[in-house]
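Subject: Structure for you to look at

Hello,

Here is the structure I promised to hand over. Please open it first, then read my notes below.

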Amino acid sequence: LACEDPRSSERPISNWTGRELADEMQKRNVVDSISESRVNELLRQMDLKPHRQRCWCFTTEKDRQLFEKQVQQVCQTYLEAAQAYHQKGCRTICVDEMTSLQANERRAKTLRSIPGQIGRRECQYSRHGTLSLTGSWDVVQGQMIHTTIGETRTSKDFTQHLKRTFATDSETIWIVVLDNLTTHCSEEVVRLVARLLEIPEDTLGKKKRSGILASVQSRRKFLTDPTHRIRFVFTPKHSSWLNQIEAIFGVISRRLIRYGNFISKEDLKQKLLSFIEYYNRTFAKPLNWTYQGKPTESKHSRRPKTWREKTQDAKLEQILALVA
């Protein structure tokens, strides 16, 4: 019963609780009477948690072979980044935007925790607008090497961010890992890369008409050219979780944004910059990237044993003990 969808029992809920399971069992005449605590005890014995869920994310790429090829390319880029840096001076970076960061001001002062009492904060707040953060994460150094914070995230904003990032080391080889957002392969980005590679802009063609600028596909082909000193590596569609900088954005969200108090957008901007500087200086480090295109085998990812399997294992242990 706990493994069924509650809506099939005409209950307008998404997850079962012990109370509702007890009620449904009596309604179906499974038992004459059972308490909520007894149901919860049975659930614990079977290691069954109908109140909890984990999320997954499927790619929208329909070509399975293309998806696997792109995943392998991204993972290989991470695995080869250190060797490329030490042998050729190649910089591998992950770039993305963290959008809709709200500058919310709590209407009362947050009370810090004291012995015997957890901290408390006001749930009401005043809104002061939102900002967007664009970051460049160095895979080998484990540092956020450049950050742009503004109110918009247009293709012009993204191009300026890349320009300032590349200016930090203008002569080196750059490999940029990023997702499939249209602004990441816009006309402005192509023209910037062409200028840095000293490719005449009159050879690029015209947008929606001819040449390299003709379409998204032609622009992506130019940006991903392995012979260029500046090369882009795009993650598969709807798979930005392959971008390492997403993990850094998670740290920023948990450590600063979630419980933060910001009196203005400028206050939010300065606190973001201060936190990133603090993060780089104190506990930032290269990520230990182990994913290679398929689920990792670990105890945490294995399916827990069912009640029946546990009972069979217990009986087997008893038989072996008797035989011994």
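A word on terms before the fold: helices and strands here are DSSP runs, numbered from the N terminus, with at least four residues for a helix and at least two for a strand. Bear in mind that this is a predicted model.

**Overall fold**

The protein chain has nine helices and five strands. In sequence order they run α-α-α-β-β-β-α-β-α-α-β-α-α-α. The radius of gyration is 27 Å, while the globule rule gives 20 Å for 324 residues, so the chain is more spread out than a compact globule. The C-alpha trace spans about 85 × 55 × 45 Å along its principal axes.

Buried residues account for 35% of the 324 residues. Take the contacts with a separation of 6 or more: 64% of them join residues 24 or more positions apart. The exposed surface comes to about 20900 Å², and carbon and sulfur atoms supply 50% of that. On charge, there are 54 positive and 38 negative side chains. The centres of the two sets lie 2 Å apart.

**Helix 6**

Which residues of helix 6 are buried? Helix 6 covers residues 216-223, and its buried residues are S218, R219, F222 and L223. They sit on the same side of the helix, because they cover an arc of only 135° around the axis. The general background is familiar: an α-helix has 3.6 residues a turn, so residues three or four places apart point the same way. Q217 and K221 are on the other side of helix 6, and both are exposed.

What do the buried residues of helix 6 pack against? Their partners are helix 5 (187-196) and strand 5 (230-234).

**F234, in strand 5**

Strand 5 also holds F234. Its relative accessible area is 3%, so F234 is buried. Leaving out residues up to four places away in sequence, F234 touches V74, L178, D179, N180, H184, C185, R220, L223 and T224. One of these, L223, is also among the buried residues of helix 6. The C-alpha atoms of F234 and L181 are 9.6 Å apart, with their positions 53 residues apart along the chain.

**T77, in helix 3**

T77 belongs to helix 3. With a relative accessible area of 9%, T77 is buried too. Not counting residues up to four places away in sequence, T77 touches T92, I175, V177 and V233. V233 falls within strand 5 (230-234), and T92 within strand 1 (residues 91-106).

**K163, in helix 4**

K163 is placed in helix 4 (residues 155-167). The relative accessible area of K163 is 44%, so this residue is partly exposed. K163 and L192 are 29 residues apart along the chain, yet their C-alpha atoms are separated by 7.3 Å. L192 lies in the range of helix 5 (187-196).

**A284, in a loop**

Is A284 buried or exposed? A284 is buried, because its relative accessibility is 16% and the cut-off for buried is under 20%. The residue is in the loop between helix 8 (265-282) and helix 9 (307-323). Setting aside neighbours within four places in sequence, A284 is in contact with G142, Q143 and Y279. Y279 is in the range of helix 8 (265-282). A284 and S9 are 275 residues apart along the chain, and their C-alpha atoms are 50 Å apart.

**Two backbone angles to check by eye**

D47 has a phi near 55°, which is positive in a residue other than glycine. D47 is in the loop between helix 2 (36-45) and helix 3 (64-88). Its relative accessible area is 32%, so D47 is partly exposed.

S100 has a positive phi of about 55°, and S100 is not a glycine either. Where is S100 found? S100 is in strand 1 (residues 91-106). At 53% relative accessibility, S100 counts as exposed.

Best wishes

Technical notes: Residues numbered from 1 in each chain as written. Predicted model: local features only at pLDDT ≥ 70, side-chain atom pairs only at ≥ 80, totals over all residues. Heavy atoms only, no water. Buried < 20%, exposed > 50% of the residue type's maximum accessible area, 1.4 Å probe, protein only. Arc of directions from axis to C-beta. Contact = heavy atoms within 4.5 Å. Rg over C-alpha atoms; globule rule 2.2 N^0.38 Å. Areas by Shrake-Rupley, 256 points an atom, 1.4 Å probe, with all protein chains shown as cover. Lys, Arg positive; Asp, Glu negative; His and termini not counted. Charge placed at Lys NZ, Arg CZ, Asp CG, Glu CD.
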